[in-house]
Amino acid sequence: MQRPSEPEILDFIAQCETFYPADATGASIAQQRAWYDALCVAFGATDASASWSDDIVGGQVPVRRYTPQDLRTDVQLLYIHGGGFVVGSLESHHGICAELAAGVGACLTAVDYRLAPEHLWPAQIEDCDLVLQDFLGRGQQVVLIGDSAGGTLAAGLARRVRDRGLDGLMGQALIYPGLGGDLSRGSYVSMAEAPGLSTADIRFYRDLLCAPAGDPEAQPLSASDFSGLAPAYVTGAFFDPLHDDAAEYAGALVRAGVEAWFRSEPQMIHAWLRARHMSPGAAEGFAALIAAIRHLAGVR
């Protein structure tokens, strides 16, 4: 198994493994969620200067809205959490969302979309779309942000906005996203047993979601046309099977004439956002993410 050399990220991996075992996908869904929730609590501390409140959009989708103490823009940030479409909640990414809102200086809304296997595709993107359309329908500008499975959903939503000819989407920021790449090549092979997420885990999550093969919203890399999509910042972790998905998506956007940047985090693993307070590499990556979102949102 390939592992990073940064001591702090190795310590992060060791701590994570005490909460969430490497073979977690072999347990019941309820047990997986319990392990994940415990992990999130362990790395959930934040001192971000942002207030928050819970809300319901359209009478059906729970959200959490964050307002930074230093508000610098009217552009809205819409955050979609990761977790393989199976785990995760408003609580799991609370600290991350609060710090992004404060760091960018923008209001941020996090979406508590329905999870698999209780709710199969496309329930997840429909929930997120309802929240996005609520913003765009009121003439507000939005930057989409998503990590892991949330990156899948953010990229899928960007495609919906383009296909519908809608205005207001300023950009998409995708953090170690899963974008439907070929499991038999590239980083899916070279990083198949990477700490934090394996290729076998990814296959498990894909199978559980039951999205149809070739659906460009569920597997954005399967699309044939990337032109006209919103500008993007895409970051991948080197020690992650999903690394090449991020690189390939950014490359496809650039070739289609879309403004896009790709950043590879050389010492990071999947889910490194949680290590931002203990790892120099993660802290640097988080600062780069905030800078990129500020650029997409036009915050100076």
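**Q&A on a predicted model**

Colleague: Leaving aside its neighbours within four places in sequence, which residues is Thr 235 in contact with?
Modeller: Bear in mind that this is a predicted model. Thr 235 has its place in strand β7, residues 232-239. Once the neighbours within four places in sequence are set aside, its contacts are Leu 174, Ile 175, Tyr 176, Pro 177, Ala 246, Phe 262, Arg 263, Glu 265 and Trp 272.

Colleague: Does Thr 235 count as buried or exposed?
Modeller: The cut-off for buried is under 20% relative accessible area. Thr 235 comes out at 2% relative accessibility, so it counts as buried.

Colleague: And how far is a polar atom of the Thr 235 side chain from the backbone oxygen of Arg 263?
Modeller: Arg 263 is among the contacts of Thr 235. From a polar atom of the Thr 235 side chain to the backbone oxygen of Arg 263, the distance is 3.0 Å.

Colleague: What is the strand order in the open sheet?
Modeller: There are 8 strands in it, and the pairing is mixed. Its edges are β1 (50-57) and β8 (260-269), each pairing on one side only. Reading across, the order is β1-β2-β4-β3-β5-β6-β7-β8.

Colleague: In which sense do β1 and β2 pair?
Modeller: Strand β2 covers residues 61-68, and 8 bridges link it to β1. One spot to look at is Ser 53, which stands opposite Arg 65 in β2. The sense of the β1 and β2 pairing is antiparallel.

Colleague: Which strands of the sheet does α5 touch?
Modeller: α5 packs on the sheet, and its direction makes about 150° with that of β5. 13 of the 16 residues of α5 are buried, so to speak mostly covered. The strands touched by α5 are β3 (76-80), β5 (142-147) and β6 (169-175).

Colleague: How far apart are the end C-alpha atoms of α5?
Modeller: Helix α5 runs over residues 149-164, which makes 16 residues. At 1.5 Å a residue it should span 22 Å. The model agrees with that, as the end C-alpha atoms are apart by 23 Å.

Colleague: Which helix gives the most to the largest nonpolar core?
Modeller: That core has 59 residues, and those touching the most other members are Tyr 79, Leu 100, Leu 108, Trp 272, Leu 273, Leu 289 and Ile 293. With 9 residues, the helix that gives the most to this core (residues 280-297) is α9.

Notes
Residues numbered from 1 in each chain as written. Predicted model: local features only at pLDDT ≥ 70, side-chain atom pairs only at ≥ 80, totals over all residues. Heavy atoms only, no water. Helix = DSSP H or I, 4+ residues; strand = E, 2+ residues; numbered from the N terminus. Expected span 1.5 Å × (residues − 1). Buried < 20%, exposed > 50% of the residue type's maximum accessible area, 1.4 Å probe, protein only. Polar contact = N/O pair within 3.5 Å; in protein donor to acceptor, adjacent residues only side chain to side chain. Contact = heavy atoms within 4.5 Å. Core = buried A, V, L, I, M, F, W, Y, C linked by side-chain atoms within 4.5 Å. Pairing = 2+ DSSP bridges. Axes fitted to C-alpha atoms, helices over the stretch in contact; angles between N-to-C directions.
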